[in-house]
Amino acid sequence: MKKECIAMLLAGGQGSRLYVLTGDMAKPAVPFGGKYRIIDFPLSNCINSGIDTVGVLTQYRPLELNSYIGSGQPWDLDGSTGGVHILPPYMGSQGGTWYKGTANAIYQNIGFIDLYDPEYVVILSGDHIYKMDYSKMVERHRQAGAACTISVMEVPWDEAPRFGIMSVDGDDMITEFAEKPKEPKSNLASMGIYVFSWQTLRKYLTADEADPASENDFGKNVIPAMLCAGERMAAYRFDGYWKDVGTLESLWDANMDMLSPESGLDLLDESWPIYARSVNAPPAYLGPVSHVSHSAFNRGSALDGVVENSVLAPNVSVSEGARVSYSVLMPGVTVEPGAVVEYAILGEGCRVGSNCHVGGTPEATAPSPWGLTVLAPHCALAEGKEVRPGIMLDRNGEEVSK
């Protein structure tokens with residue numbers, strides 16, 4: 001069945017910089033913003049952009065992600081003419097391997113893409129928080145007559161060495177690409193979102209796979225090869241909210257951004273909804289002495305204490321006399337009476353015992369170094385335990401180095 005455009009979503013990453021939060025799940029499955037998971041954003045962008053066929057390439061700890069995506073119904077991606085397809089590595093008659101890199105992951109799924117014989121393939125990452133109309137990017141690709149179009153955004157010059165950096169001409173056609181340059185010539189950073197003309201990409205993927213020296217990566221190998229060969233490469237400028245939530249700090253930042261309309265991350269905008277699998281839980285309960293300010297909370301929550309500037313997922317309990325501030329609490333967290341949680345991320349199912357103190361404010365630790373406090377999913381703290389700012393604990397309550 002021929003499709004003009006399909007999307008391939010790279011969702012197999014281990015997310016090692018999220019440490020204990022991704023011990024049992026792939027990074028795209030990590031909860032975000034109370035009721036979402038990170039993967040909800042690219043999936044919602046696809047359906048809102050009119051792309052109804054999405055391949056989700058999984059690898060690391062895929063169970064929770066597979067279960068969450070299911071048939072694709074929450075994102076209206078369960079149609080008979082397309083829909084969402086989970087694509088793990090597999091063994092064929094010629095053998096098989098784990099996905100060796102981003103380009104190899106797409107190479108191993110050439111057969112899936114060929115089923116739809118698309119004009120264009122959109123390549124997406126599963127670890128970014130943003131809203132984007134991919135159809136506008138595809139239109140830019142088409143009008144430019146490009147073989148590849150890369151979404152870019154301007155970043156501060158001092159941050160440019162962390163990204164793949166594009167140099168462009170007066171028509172925003174890419175003239176040079178440098179992967180994490182020490183001395184960048186431009187501050188146009190690649191967002192890791194690509195549109196390719198499929199038949200051209202197919203040729204380069206095949207050549208890349210045949211090169212034993214290649215790392216089989218889009219940024220390091222395929223895109224430089226296309227540029228070197230003189231292919232037309234277009235930049236697509238994006239100026240909306242976008243954040244790579246691959247670190248604990250950036251994940252916390254993005255959750256806090258959700259509470260601030262001026263950040264540009266508006267998840268209540270009905271013109272571009274972000275869909276998520278609904279939670280089967282009763283309505284939230286706010287007790288008579290509870291105090292909730294500048295926070296997001298969700299179904300199944302029972303709040304009897306103080307919650308300030310925080311993001312609470314479904315089925316979170318904050319007992320009377322407890323206080324939660326500037327923190328992210330994932331599904332099923334319990335904070336018992338008298339406990340204080342500040343500037344922390346608590347993984348799913350954590351239990352903070354009564355009169356514990358988890359984390360602290362940057363001011364309280366000065367002049368000592370400050371950092372986010374992180375508890376792994378299902379970590380349980382005994383009554384009265386103190387966890388200092390910047391400490392990370394595994395599910396057994398043992399300290400882990402960041």
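How many nonpolar, polar and charged residues does the lining of the largest cavity have? In this predicted model, that lining has seven nonpolar, three polar and no charged residues.

## Cavity and pocket

The search of the whole structure returns one cavity of 30 Å³ or more. The volume of the largest cavity is about 40 Å³. Its lining consists of Pro31, Phe32, Gly33, Gly34, Asn255, Val311, Ala313, Val328, Leu329 and Met330. Two elements, β2 (31–32) and β21 (328–329), each give two or more residues to this lining.

The second largest pocket holds about 290 Å³ of space. Gly33, Lys35, Tyr36, Met258, Leu259, Pro261, Leu265, Asp266, Leu267, Leu268, Ala296 and Asn298 line this pocket. By class, its lining divides into eight nonpolar, two polar and two charged residues. Gly33 is listed in the lining of the largest cavity and also in that of the second largest pocket.

## Open sheets

One open sheet of six strands runs in the order β15-β17-β20-β23-β26-β29, and its pairing is parallel. At its edges stand β15 (291–293) and β29 (386–387), each of which pairs on one side only. Within this sheet, β23 (residues 340–342) pairs with β26 (residues 357–359) in the parallel sense, over three bridges. In that pairing, His357 of β26 stands opposite Val340.

Another open sheet of six strands has the order β18-β21-β24-β27-β30-β31, with mixed pairing. Here the edge strands are β18 (311–312) and β31 (399–400), and each pairs on one side only. Strand β21, which contributes to the cavity lining, stands between β18 and β24 in this order. Val311, from the edge strand β18 (311–312), is also among the residues that line the largest cavity. Strand β24 runs parallel to β27 (residues 373–375), and three bridges join the two. Ile345 stands opposite Val374 in β27.

## Strand β8 and its partners

Strand β8 (residues 148–154) is mostly covered, with six of its seven residues buried. It pairs with β11 (residues 188–197) in the antiparallel sense and with β12 (residues 233–237) in the parallel sense. The following table sets out these pairings beside two others already described.

| Strand pair | Sense | Bridges | Residue pair |
|---|---|---|---|
| β8 and β11 | antiparallel | six bridges | Cys148 and Phe196 |
| β8 and β12 | parallel | five bridges | Ile150 and Ala235 |
| β23 and β26 | parallel | three bridges | Val340 and His357 |
| β24 and β27 | parallel | three bridges | Ile345 and Val374 |

## Helix α1

Helix α1 (residues 40–48) is mostly covered: eight of its nine residues are buried. The buried residues are Asp40, Phe41, Pro42, Leu43, Ser44, Asn45, Cys46 and Ile47. After the helix comes Gly50, which has a positive phi near 85 degrees.

## Aromatic contacts

The count of aromatic pairs comes to twelve. One of them joins Phe32 and Phe41: the ring centres are 5.6 Å apart and the planes stand at 80 degrees, so the pair is edge-to-face. Both Phe32 and Phe41 are buried. Phe32 belongs to the lining of the largest cavity, while Phe41 is one of the buried residues of α1.

Tyr326 and Tyr343 form a stacked pair, at 4.9 Å centre to centre and with 10 degrees between the planes. Tyr326 lies in the loop between β20 (323–325) and β21, and Tyr343 lies in the loop between β23 and β24 (344–346), so the pair ties together parts that are 17 residues apart in sequence.

Are these two residues buried or partly exposed? Tyr326 is partly exposed, because its relative accessible area is 32%, whereas Tyr343 is buried, because its relative accessible area is 12%. The cut-off for burial is under 20% relative accessible area. Ring pairs also link Tyr326 and Tyr343 with Trp252 and Trp370 in a cluster.

A ring takes part in a further kind of contact at Tyr68, where the charged end of Arg37 sits over the ring, 5.4 Å from its centre.

Key: Residues are numbered from 1 along each chain as its sequence is written. This is a predicted model: local features need pLDDT of at least 70, side-chain atom pairs count only at pLDDT 80 or more; totals for chains, interfaces and linings use all residues. Side-chain values use heavy atoms; hydrogens and water are left out. On a 1 Å grid over the protein atoms alone, a cavity is a set of points where a 1.4 Å probe fits but cannot get out, and a pocket is an open set with protein on both sides within 12 Å along at least five of seven lines; lining residues have an atom within 4 Å of a point. Grid points are joined across faces, edges and corners, and a volume is the space filled by probe spheres set on the points. Helices (H or I, at least four residues) and strands (E, at least two) are DSSP runs, numbered from the N terminus. Ala, Val, Leu, Ile, Met, Phe, Trp, Tyr, Cys and Pro count as nonpolar, Asp, Glu, Lys and Arg as charged, and the others, Gly among them, as polar. Two strands pair if DSSP finds at least two bridges between them. Rings of Phe, Tyr and Trp (its six-membered ring) pair if their centres lie within 6.5 Å; planes under 30 degrees apart count as stacked, over 60 as edge-to-face and the rest as tilted. Buried means under 20% relative accessible area, exposed over 50%, partly exposed in between (1.4 Å probe, protein chains only). A charge sits over a ring if NZ of Lys or CZ of Arg is within 6 Å of the ring centre and within 35 degrees of the ring normal.
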